[in-house]
Amino acid sequence: MVQAIKPFVAIHPGELVKDEIESRGISQKKVAEIIGVPYTMLNEILNGKRPVTTETALLFEAALDINAELLVNMQSSYSLQTARKNKTLAERFASIRQTCAAMML
């Protein structure tokens with residue numbers, strides 16, 4: 001099985017949106033007002049503390065012309081990479097693999 005190349009560091013899509021907002025010289029408060037979300041919610045997304053949902057991706061697309069599908073795909077990739085780095089989950093995955101491998105014998 002060929003595995004896809006994954007970035008070394010997981011990148012939250014909020015970073016991309018934050019960079020775009022900063023490069024345009026728009027305040028986060030103004031963007032929050034324009035897209036109709038609380039400022040704290042937007043700030044948490046931009047700082048990687050909250051995920052970009054399909055709805056927020058579409059709001060960013062409407063306001064900033066950033067492709068919503070790109071943001072959703074970035075979020076999915078980020079979430080998967082973060083989960084894979086979780087030690088508790090990694091141990092669980094290893095146990096499942098071991099159990100399934102033993103069943104195949």
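Trainee: Why is Asp-65 called exposed?
Mentor: Its relative accessible area is 68%. Exposed means over 50%, buried means under 20%, and partly exposed is what lies in between, with a 1.4 Å probe and protein chains only. At 68%, Asp-65 therefore counts as exposed. Keep in mind that this is a predicted model, where local features need pLDDT of at least 70, side-chain atom pairs count only at pLDDT 80 or more, and totals for chains, interfaces and linings use all residues. Residues are numbered from 1 along each chain as its sequence is written, and side-chain values use heavy atoms, leaving out hydrogens and water.

Trainee: Where is Asp-65 found, and what is its phi?
Mentor: Asp-65 sits in the loop between H4 and H5. Its phi is near 60°, a positive value in a residue other than glycine.

Trainee: How many helices and strands does the chain have?
Mentor: It has 6 helices and 0 strands. Both are DSSP runs numbered from the N terminus: helices are H or I with at least four residues, strands are E with at least two. Along the sequence the pattern reads α-α-α-α-α-α.

Trainee: Is Pro-13 buried or exposed, and how do you know?
Mentor: Its relative accessible area is 0%, so Pro-13 is buried. Pro-13 belongs to helix H1. Ile-34, in helix H2, has a relative accessible area of 54% and is therefore exposed.

Trainee: What does Pro-13 contact beyond its neighbours within four places in sequence?
Mentor: Pro-13 is in contact with Val-52, Leu-71, Met-74, Gln-75 and Tyr-78. Contact means heavy atoms within 4.5 Å. Pro-13 and Ile-45 are 32 residues apart in sequence, yet 8.3 Å apart in space, C-alpha to C-alpha. Ile-34 and Ala-10 are 24 residues apart in sequence and 29 Å apart in space, again C-alpha to C-alpha.

Trainee: What makes H1 oblique to H5?
Mentor: The axes of H1 (residues 13-24) and H5 (residues 68-85) come within 8 Å and cross at roughly 140°. Axes are lines fitted to C-alpha atoms, for helices over the stretch in contact, and angles run from 0 to 180 degrees between N-to-C directions. Under 35 degrees is roughly parallel, over 145 roughly antiparallel, 65 to 115 roughly perpendicular, and the rest oblique. The crossing therefore makes H1 oblique to H5.

Trainee: Which residues meet there?
Mentor: Pro-13, Leu-16 and Val-17 in H1 meet Leu-70, Leu-71, Met-74, Gln-75 and Tyr-78 in H5. The contact divides into 7 nonpolar, 1 polar and no charged residues. Here Ala, Val, Leu, Ile, Met, Phe, Trp, Tyr, Cys and Pro count as nonpolar, Asp, Glu, Lys and Arg as charged, and the others, Gly among them, as polar.

Trainee: What does Met-74 touch, leaving out residues up to four places away in sequence?
Mentor: Met-74, in helix H5, touches Ile-11, His-12, Pro-13 and Leu-16. Met-74 and Gly-14 are 60 residues apart in sequence and 9.3 Å apart in space, C-alpha to C-alpha.

Trainee: Which residues have the most contacts inside the largest nonpolar core?
Mentor: Val-17, Ile-21, Val-37, Leu-42, Phe-60, Leu-64 and Leu-71, in a core of 17 residues. A nonpolar core is a set of buried Ala, Val, Leu, Ile, Met, Phe, Trp, Tyr and Cys residues joined through side-chain atoms within 4.5 Å. H1, H2 (28-35), H3 (39-46), H4 (54-64) and H5 each supply at least two residues. H3 gives the most, with 4 residues.

Trainee: How does the radius of gyration of the chain compare with that of a compact globule?
Mentor: The chain has 18 Å, where a compact globule of 105 residues would have near 13 Å. The radius is taken over C-alpha atoms, and the globule rule is 2.2 Å times the number of residues to the power 0.38. The C-alpha trace spans about 60 × 25 × 20 Å along its principal axes.
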